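I sat down with this chain to look up its overall build, its main sheet and a few single residues. The entries below are in the order in which I went through them.

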There are 2 protein chains.
Amino acid sequence: MPERVYNFSPGPATLPYEVLQQAAKDIVNFQDSGIGLIEISHRSKQFMAVIEEAEQLLRELMDIPANYKVLFLQGGASSQFFMIPMNLLGDGKKATYLNTGVWSKKAIKEANQFGQIEIAYSSEEAKFNRVPAPGEYVVADDSEYLYFVSNNTIYGTQFPEMPKSEKMLIADMSSDILSRKLDVSKFGLIFAGAQKNLGPAGVTLVIIREDLLERTPKNVPTMLSYKTHADNGSMFNTPPTFSIYIVAQVLKWLKAQGGVDGMEKINREKAEMLYNAIDSTDYYRGHAEPGSRSMMNVSFNLPTADLEKKFIAEAAAVGLDGLKGHRSIGGCRASIYNAFPREGVVKLVEFMKEFQAKNPA
Amino acid sequence: MPERVYNFSPGPATLPYEVLQQAAKDIVNFQDSGIGLIEISHRSKQFMAVIEEAEQLLRELMDIPANYKVLFLQGGASSQFFMIPMNLLGDGKKATYLNTGVWSKKAIKEANQFGQIEIAYSSEEAKFNRVPAPGEYVVADDSEYLYFVSNNTIYGTQFPEMPKSEKMLIADMSSDILSRKLDVSKFGLIFAGAQKNLGPAGVTLVIIREDLLERTPKNVPTMLSYKTHADNGSMFNTPPTFSIYIVAQVLKWLKAQGGVDGMEKINREKAEMLYNAIDSTDYYRGHAEPGSRSMMNVSFNLPTADLEKKFIAEAAAVGLDGLKGHRSIGGCRASIYNAFPREGVVKLVEFMKEFQAKNPA
């Protein structure tokens with residue numbers, strides 16, 4: 001294998017190569033301290049500087065208002081599915097959910113334990129091939145929040161614009177955080193598992209409006225209350241130091257790409273190249289409806305399952321790895337998160353043309 | 001600074017240098033795949049082999065019976081404080097706790113939400129300078145389990161032998177797991193945050209007897225039920241892949257040291273050197289009572305707080321880092337976990353003699 005292949009994996013996913021190279025040095029000897037990155041105390045000056053830098057870069061890149069707390073938690077995005085309603089709902093309280101895929105379904109299942117959940121929209125019958133347009137759902141007046149998944153990795157769908165509601169928004173942005181401009185002030189809470197656009201698995205970013213920290217019922221375990229982590233700068237217990245370090249490095253890299261604005265431009269260009277390749281022929285068919293297409297995950301089919309299998313194998317053999325679609329819908333999927341290089345998309349488009357020519361339907 | 005200093009930090013703590021060097025290679029290009037360690041899918045063959053190896057090595061090194069599950073979870077040992085009673089207790093059920101330090105106190109606080117907790121022993125009034133001897137506490141007949149912390153990092157105390165009880169044992173072994181021989185079959189559950197004897201922060205090991213998986217009340221969130229993780233080989237959601245990889249490497253290293261038996265011999269020798277140095281003079285005084293002394297953390301005092309400050313600073317200047325005691329009891333502490341090299345203890349003992357000679361009380 002060459003030193004580096006193009007990794008279209010949906011997460012854990014490709015990261016900037018320079019971040020990996022820097023981590024390789026720091027892991028053995030961090031900042032010339034004679035101690036490795038994962039051996040230093042989380043209360044050391046060196047690590048405190050890392051976590052502060054990660055938070056400051058996030059605040060700057062996402063333009064996070066001062067009345068929001070930035071938390072680095074463990075447990076994956078899946079733990080947010082119950083932590084959100086556990087902290088923010090309670091007997092008789094209502095919340096509204098948009099069901100656009102497996103991750104929203106799982107969130108709805110957990111939320112049902114903590115309040116009355118209204119599913120205002122579902123595209124499940126159409127194999128989640130679209131997200132709702134603004135007029136397609138109603139949020140009840142007595143709802144505490146509107147919950148949605150901004151990008152759905154499996155189906156390759158994404159809200160082209162964030163839902164608008166008088167209720168506060170809560171969003172799972174695990175697979176598209178920092179990929180495009182966002183108005184954080186419309187949200188009560190934003191969360192994202194790191195392993196797509198932020199860094200490695202093992203840390204989950206939570207951005208929460210300060211006033212919400214007071215809503216947690218008293219019987220919630222200490223570790224499950226957002227306030228515990230907000231009051232202790234994510235250091236109530238030992239945080240996942242390595243993962244937070246990588247997030248800080250990725251954010252520095254992102255800033256050097258021109259921040260979120262610069263990144264969004266690159267992301268639009270990458271996605272456009274790929275969707276143009278799909279739309280230019282009947283050979284490839286996109287899974288998502290055009291108005292719901294994701295810039296992060298491009299799910300598509302070939303004329304037959306056999307051709308898809310051959311496509312995935314031959315692509316891997318030329319250094320285009322991880323193109324197999326999720327088992328729930330099959331086919332192919334190219335995940336092209338922030339750190340996925342433009343050249344890899346160019347190569348994939350070339351490969352798609354060659355493959356079609358060699359393998360007519 | 002030299003390339004490597006002796007790091008007496010209590011956790012995150014020193015790791016085998018060869019593990020760090022291997023990680024530095026793998027993080028850029030894992031097993032010559034052209035993809036970095038933290039970029040590969042957790043469902044890839046490569047990572048599945050890593051997590052299976054970690055589990056198999058643990059089973060072999062700890063002689064874990066077949067009716068126990070090995071789980072790699074997130075959330076730190078602190079999350080086990082509530083997960084244990086949440087899964088194993090319930091209305092009217094009783095459990096017995098031994099209070100030997102800040103970590104058992106925190107566990108007791110969380111457990112109180114889920115059942116009737118009896119504190120059968122506490123050394124709090126003596127600044128937790130000892131653990132109980134076998135006859136010093138009674139476990140109620142209707143107790144579900146006896147909970148204890150096998151090693152108390154802050155105070156430098158450790159159960160010289162595991163408590164004996166007709167009830168199943170549950171132990172927080174975060175700071176001494178794999179440091180000495182153990183009969184797992186006496187336990188219902190053993191847990192350990194990784195960042196002392198196992199690897200980096202970000203993963204928590206849980207070893208649980210299979211029959212206990214059926215006790216979880218139905219209203220427990222999916223992610224908080226042990227059964228969820230047991231049924232899915234710790235892959236219900238994306239696991240902390242990097243931390244698990246390091247654990248696997250550390251276990252391989254441990255096996256090469258002669259396994260737990262070999263390690264215990266080295267640990268006893270290291271601790272004995274240090275306690276001999278303390279006992280050979282009135283200048284240094286150990287915090288823990290001799291019968292409760294820890295092989296992992298040696299907490300001690302000098303004649304005055306000023307001398308302690310000077311000792312810590314001058315030691316750091318000669319490459320003996322992290323000797324400051326925990327703020328709750330002050331003084332000095334040398335954490336000498338499995339991976340801490342014998343030569344570092346020799347150097348510290350030499351330094352202690354020199355320091356005393358130059359700085360009489």
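These are my notes, starting with the chain as a whole and ending with single residues.

**Entry 1: the whole chain.** I began by noting that this is a predicted model, so that every value below is computed from it. For chain A, I counted 9 helices and 14 strands in the secondary structure. I then checked the radius of gyration, and because a compact globule with 361 residues would come out near 21 Å, the 21 Å of chain A agrees with that expectation. Along the principal axes, the C-alpha atoms fill a box of roughly 65 × 60 × 30 Å. I looked up burial next and found that buried residues make up 63% of the 361 residues, while the accessible surface comes to about 13,800 Å², with 49% of it belonging to carbon and sulfur atoms. Of the contacts between residues at least 6 apart in sequence, 65% join residues at least 24 apart.

**Entry 2: the annotated domain.** In the UniProt record, an unreviewed entry, I found "domain: Aminotransferase class V" listed for residues 5-347 of chain A. Over that stretch the chain is 34% helix and 18% strand, and the C-alpha atoms at its two ends are 11 Å apart.

**Entry 3: the sheet.** I followed an open sheet of 7 strands in chain A, which has mixed pairing and the order β2-β10-β9-β8-β5-β3-β4. Which strands stand at the edges? They are β2 (68-73) and β4 (116-122), and since each has a single partner strand, one side of each is left without a neighbour in the sheet. Neighbouring strands are turned against each other by 15 degrees on average, direction ignored. I looked at one pairing in detail: β9 (residues 187-193) and β10 (residues 204-209) run antiparallel and are joined by 5 bridges, and A:Ala192 has A:Leu205 in β10(A) as its bridge partner. Helix α3 (residues 76-88) lies across β2, β3 (94-99), β5 (143-149), β8 (168-172), β9 and β10, and runs at about 155 degrees to β9(A).

**Entry 4: A:Arg43.** UniProt, again in an unreviewed entry, places the feature "binding site" at A:Arg43, and I located this residue in the loop between α1 (17-28) and α2 (45-62) of chain A. Its relative accessible area is 43%, so A:Arg43 is partly exposed. Not counting residues up to four places away in sequence, A:Arg43 touches A:Met48, A:Met235 and A:Phe236.

**Entry 5: A:Thr157.** Is A:Thr157 buried or exposed? With a relative accessible area of 0%, A:Thr157 is buried, because that value is under the 20% cut-off. I found A:Thr157 in strand β7 (residues 157-158). Leaving aside neighbours within four places in sequence, A:Thr157 is in contact with residues including A:Phe128, A:Arg130, A:Asn151, A:Ala288 and A:Ser294.

**Entry 6: A:Arg342.** The last residue I looked up, A:Arg342, is in helix α9 (residues 342-358) of chain A. At 37% relative accessibility A:Arg342 counts as partly exposed, because the value falls between the 20% and 50% limits. Not counting residues up to four places away in sequence, A:Arg342 touches A:Glu269, A:Lys270 and A:Met273. For A:Met273 I also noted the backbone separation: the two C-alpha atoms are 9.5 Å apart, although A:Arg342 and A:Met273 are 69 residues apart along the chain.

Key. Residues are numbered from 1 along each chain as its sequence is written. Chains are lettered from A and ligands numbered from 1 in the order in which they are written. This is a predicted model: local features need pLDDT of at least 70, side-chain atom pairs count only at pLDDT 80 or more; totals for chains, interfaces and linings use all residues. Side-chain values use heavy atoms; hydrogens and water are left out. UniProt positions are given in the numbering used here, feature names are shortened, and annotations may be inferred rather than shown by experiment. Helices (H or I, at least four residues) and strands (E, at least two) are DSSP runs, numbered from the N terminus. Buried means under 20% relative accessible area, exposed over 50%, partly exposed in between (1.4 Å probe, protein chains only). Contact means heavy atoms within 4.5 Å. Two strands pair if DSSP finds at least two bridges between them. Axes are lines fitted to C-alpha atoms, for helices over the stretch in contact, and angles run from 0 to 180 degrees between N-to-C directions. The radius of gyration is taken over C-alpha atoms; the globule rule is 2.2 Å times the number of residues to the power 0.38. Accessible areas come from the Shrake-Rupley method with a 1.4 Å probe; for residues, only the protein chains shown count as cover.
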